[in-house]
Structure formats: structure tokens, C-alpha cells
Amino acid sequence: ATTEPRDLMRTDPDTGAAVPLRQQSCHAVFADGYVELSAVLTDDPAHNLAAYRARGDGLHILALGSPDPDADWRRCTAAGLPCSAPAGASRRIDYGSRHGEARFRWFMLQPQASPEGLLCLVRNETPGLVFQPEVSRHANGTEALCEVIVHATDPAALASRLSTVTGNAPDPIRSDPTHALRYTLDGGGSLTLLSSAALHERFGADAARNVPTDRFAALQFRVHDLVATAALLTRNA
């Protein structure tokens, strides 16, 4: 169950005014994390998502929670990763029992530093507005977004960049770290890097055959009852 689409806004750093990002989003909100469905309403090549939209629809944004995005920005830029400046953003919340403006502070890596997709670090400054129980109960039993999987040509090389972004080191999933690595994220959940061989091993050749390389590739959700979820998906074809 998703929320109603709302315009995303950026905060003008000089005036504090909310300025349209020419992008609308709705959300499937869980007790932990959410999935954002986003539509870009402009062909402006300067839009944050322009470099990734050329690929067509897909999994193009990964937002990692951060208690201090300004400190993360300083770490990333000091390491030579090109990033946008930390900025404010907002969207209107009209669901649940509490209404108002959800506010965020965030920055993103520039596309040359994150070809897999738009990678950003975000502090949610109004979590009580975003995570309301009225929108976090779902018929398919989903309780949390617990893993994001990146399909990488060279997981070890990607890890050298992501360790700077996250401030953490990954753990090898098996004895050969060139094929599969996993970051345990501070806010819960994990970020997993899989080579093509590891992706095929985990999901099977049929599922992994046409998954593009060097992209955000898959999501894993925790559900209340796996059998009930599978039955619901089957009923809905």
C-alpha cells in the first residue's frame, strides 16, 4: 500500500523557501525503511536523476540514513569523491494522524562517483511524520526493507569507494571476497555487493540472466509470514 504522490521540494539556502524539484514521489512505508516510487517531470539535463533516467525505469536511487550528513560530506569530499553540497528537502505529509512538512538534510554523490545509481546520505528530521502506523501495515505482510543488492563487475573495487561513503568496512560473505561482500548498516539492514557469479548462485540463472551490471539490482524485504505473502502474490498473478 503506497501513499498518495506528492511534489518533492528543495530548500533554497538563501531564503529558506521551498522550491519544486519537478519530481513527484509516493512511498511504501514500513516499520523500518521505505521504498520511494518517483516520477521526474522535466527533461532538464541538470536534474539530479537525469544521468540515470536515460536507462529507463528501474532501481536508480539508494538513500542511506545518516545522523550527520554534513560530517559524511566532509569525509567523502576529503577522499576526492565529487558530491553535491548538503541541502534541505521537504515533502507534504497528509496521511495518518499527523500532517505537516517532512524535512530532510541530504547530499548525493555526483554520477561519475556513483555510476550504479544516485547514492545519497540523508537525515530524516521528522521521522514521526514519515513513519506512521496507519501506512506501515501491508496486506502482503512486509515489515521492513532489510537489504539492497548491487550487481558489480568488481565488488572489491566498488567496496573501496563505498567504504568511504558509509564509513564502514564490508565483511566477505564467503571465503572469496572478490565475489560477495556485505555492509552491515548502522541504522539496520545491509548493503550487499555481488559479482555476476555470486548473483547467479544466490538467485539462480533464470532470475539473474538479464540483470544489468554495475547497478542497484535487487531489494530484500522481511515479511511476517512468507507462505502468506507467496499466496497473496499468486492470487494477484
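**Entry 1: Asp94 and its partner**

I looked up Asp94 and found that the residue is partly exposed, with a relative accessible area of 33%. Here buried means under 20% relative accessible area, exposed means over 50%, and partly exposed lies in between, with a 1.4 Å probe and protein chains only. The model is predicted: local features need pLDDT of at least 70, side-chain atom pairs count only at pLDDT 80 or more, and totals for chains, interfaces and linings use all residues. Residues are numbered from 1 along each chain as its sequence is written, and side-chain values use heavy atoms, with hydrogens and water left out.

Which residue forms a salt bridge with Asp94? I found Arg6, with the closest N and O atoms 3.1 Å apart. A salt bridge is a side-chain nitrogen of Lys or Arg within 4 Å of a carboxyl oxygen of Asp or Glu. The pair links distant parts of the chain, 88 residues apart: Arg6 belongs to strand β1 (residues 6-11), and Asp94 to the loop between β5 (87-93) and β6 (100-108). Helices (H or I, at least four residues) and strands (E, at least two) are DSSP runs, numbered from the N terminus. Arg6 is also partly exposed, at 28% relative accessible area. I noted further that a network of salt bridges links Arg6, Arg92, Asp94 and Glu101.

**Entry 2: Other salt bridges**

I recorded 15 salt bridges in the structure. One of them joins the side chains of Arg161 and Glu116 at 2.9 Å, N to O. This pair also links distant parts of the chain: Arg161 sits in helix α4 (residues 155-166) and Glu116 in the loop between β6 and β7 (118-124), 45 residues apart. Is Glu116 buried or exposed? I found Glu116 buried, with a relative accessible area of 5%.

I then turned to Glu143 and Arg222, whose side chains meet in a salt bridge of 3.2 Å, N to O. Glu143 lies in strand β8 (residues 142-151) and Arg222 in strand β12 (residues 215-223), 79 residues apart. Both count as partly exposed, Glu143 at 28% relative accessibility and Arg222 at 39%.

**Entry 3: Strand β4**

I followed the side chains along β4 (residues 61-65) and saw them alternate. Leu62 and Leu64 point to one face and are buried, whereas Ile61, Ala63 and Gly65 point to the other and are not. Strands β4 and β7 run parallel and are joined by five bridges. Within this pairing, Ile61 stands opposite Leu118 in β7.

**Entry 4: The open sheet**

In what order do the five strands of the open sheet lie? I read the order as β9-β10-β11-β8-β12, with mixed pairing. Two strands pair if DSSP finds at least two bridges between them. The edge strands are β9 (171-172) and β12, each pairing on one side only. β8 pairs with β11 (residues 190-194) in the parallel sense over five bridges. I also saw that α4 lies across β8, β10 (180-184) and β11.

**Entry 5: Thr192**

I closed with Thr192, a residue of strand β11. Thr192 stands opposite Ile149 and counts as buried at 0% relative accessibility. Its side chain makes a polar contact of 3.0 Å with that of Arg182. A polar contact is a pair of N or O atoms within 3.5 Å; within protein, one must be able to donate a hydrogen and the other to accept it, and residues adjacent in sequence count only if both atoms are side-chain atoms.

Terms used
Contact means heavy atoms within 4.5 Å. Axes are lines fitted to C-alpha atoms, for helices over the stretch in contact, and angles run from 0 to 180 degrees between N-to-C directions.
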